[in-house]
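Good morning, everyone, and thank you for making time for this. I would like to walk you through a structure that most of you have not met before, so please have the view open as I speak.

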Amino acid sequence: MTQQINTTDHGNRQRTAIVTGAARGIGAGVAKRLARDGLAVAVLDLREEDCAGTVAAITRDGGTAAAFAADVNDETAVGTAVSRIAAALGAPTVLVNNAGIGGPNAGVEETSTEQWDAVTGVSLRGAFFLTRAVAPFMIAAGWGRIVNMSSISALGDSGRVDYAAAKAGLIGFTKSLALRLGRHGVTANAIGPGFVVSEMTRIGAQRRGRSFDEHQRIVAETIPVGRVGQPEDIAHTASYLVSEGAGFVSGQVIYVAGGPVD
């Protein structure tokens, strides 16, 4: 059953959500779900044309969405995009920082400075830029929801120290936002996905010399619920966290991984 939430700002205006990295994968799944919940969704990714499929799927189902382009690791580009979104869809009071990249598996001694900067720049620095740009709209509205997409890799990943550091940083960022913005009616939470079907996990299979189907079967055997995750699994959790009903949930990390996470 689809969760029913209040998607109006003070009862008289449709709320606007920004979902980054929303051209595909988890981001696209979250954008579609929030649109079904009744929010106007800014589908943001590196290239506007890459967002066309997500926007088309939303509008085809009767939702409201528009595509926007920005490199989230570019402070100026983020500021421009948020201004455009506010003008086109209304003041954004929901933000899902989902954009992220992962470099090749490498030990710390093999990780280049360029790779470190790229991975942490998109996942962590980008979330900071977006949040800083959007927070004034939330404070002015006296209401807001921030969801940062972390990962089970935040708990440690020997082959991806850059990715693990960025995702762990997002958890500290989330908790700090919850402490700072709570008095303004703004909540901040993080989601830590486990293995979810996406372009990133598909690439991971290729690096191991496996077909993606084989890789999913092998991984599923290690997951208590006996299957891998889908973008919709993450989208359900995001839907709850941005809802009115989640107003007393803030500064939390919810691992959506099919079982306990140490």
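I will go from the nonpolar cores to a pair of packed helices, then to the aromatic side chains, and finally to a few single residues.

Please keep in mind throughout that what you see is a predicted model.

Let me begin with the interior. In soluble globular proteins, nonpolar side chains tend to be buried together. Here the largest nonpolar core has 29 residues, and those with the most contacts inside it are Val19, Val30, Leu34, Val41 and Val43. At least two residues of this core come from each of several elements, among them the strands β1 (16-20), β2 (40-45) and β3 (64-69), and the helices α1 (25-36) and α8 (231-241). The element that gives the most to this core is α1, with 5 residues. If you click on Val30, you will find that, leaving out residues up to four places away in sequence, Val30 touches Val19, Val96, Ala235 and Ala238. There is also a second, separate core, which has 27 residues and includes Phe68, Val72, Ala81 and Leu177.

Next, the helix pair. Helix α3, which covers residues 75-89, packs with helix α4, which covers residues 113-141, at an angle of about 35°, and their axes are 9 Å apart. The crossing of α3 with α4 is right-handed. Where do the two helices meet? On the α3 side the residues are Glu75, Val78, Val82 and Ala86, and on the α4 side they are Phe129, Leu130, Arg132, Ala133, Val134 and Phe137.

Phe129 brings me to the aromatic side chains, where the count comes to 1 aromatic pair. That pair is formed by Phe128 and Phe129, and the arrangement is tilted, with 5.6 Å from centre to centre and 40° between the planes. Is each partner buried or partly exposed? Phe128 counts as partly exposed because its relative accessibility is 34%, whereas Phe129 has a relative accessible area of 5% and is therefore buried. Another ring to look at is that of Trp143, since Arg15 lies over its face at 3.4 Å from the ring centre.

Trp143 is also a contact of Met138, a residue that lies in helix α4. Met138 has a relative accessible area of 1%, so it is buried. Setting aside neighbours within four places in sequence, the contacts of Met138 include Pro92, Val94, Leu95, Trp143, Ile146 and Val186. Met138 and Leu95 are 43 residues apart along the chain, and their C-alpha atoms are separated by 9.7 Å.

Let me finish with α7 and the loop before it. Arg210 lies in the loop between α6 (199-207) and α7 (212-220), and it is partly exposed, with a relative accessible area of 27%. Beyond residues up to four places away in sequence, Arg210 touches Ala205, His215 and Ile218. Within helix α7 we find Glu214, which counts as partly exposed because its relative accessibility is 32%. Gln216 is placed in helix α7 too, but with a relative accessible area of 18% it falls under 20% and is therefore buried. Apart from neighbours within four places in sequence, Gln216 is in contact with Phe195, Val197 and Val228. From C-alpha to C-alpha, Gln216 and Thr80 are 39 Å apart in space, and they are 136 residues apart in sequence.

Terms used. Residues numbered from 1 in each chain as written. Predicted model: local features only at pLDDT ≥ 70, side-chain atom pairs only at ≥ 80, totals over all residues. Heavy atoms only, no water. Core = buried A, V, L, I, M, F, W, Y, C linked by side-chain atoms within 4.5 Å. Buried < 20%, exposed > 50% of the residue type's maximum accessible area, 1.4 Å probe, protein only. Helix = DSSP H or I, 4+ residues; strand = E, 2+ residues; numbered from the N terminus. Contact = heavy atoms within 4.5 Å. Phe/Tyr/Trp six-rings, centres within 6.5 Å; stacked < 30°, edge-to-face > 60°. Lys NZ or Arg CZ within 6 Å of the ring centre and 35° of its normal. Axes fitted to C-alpha atoms, helices over the stretch in contact; angles between N-to-C directions. Left-handed = near helix turned anticlockwise from the far one by under 90°.
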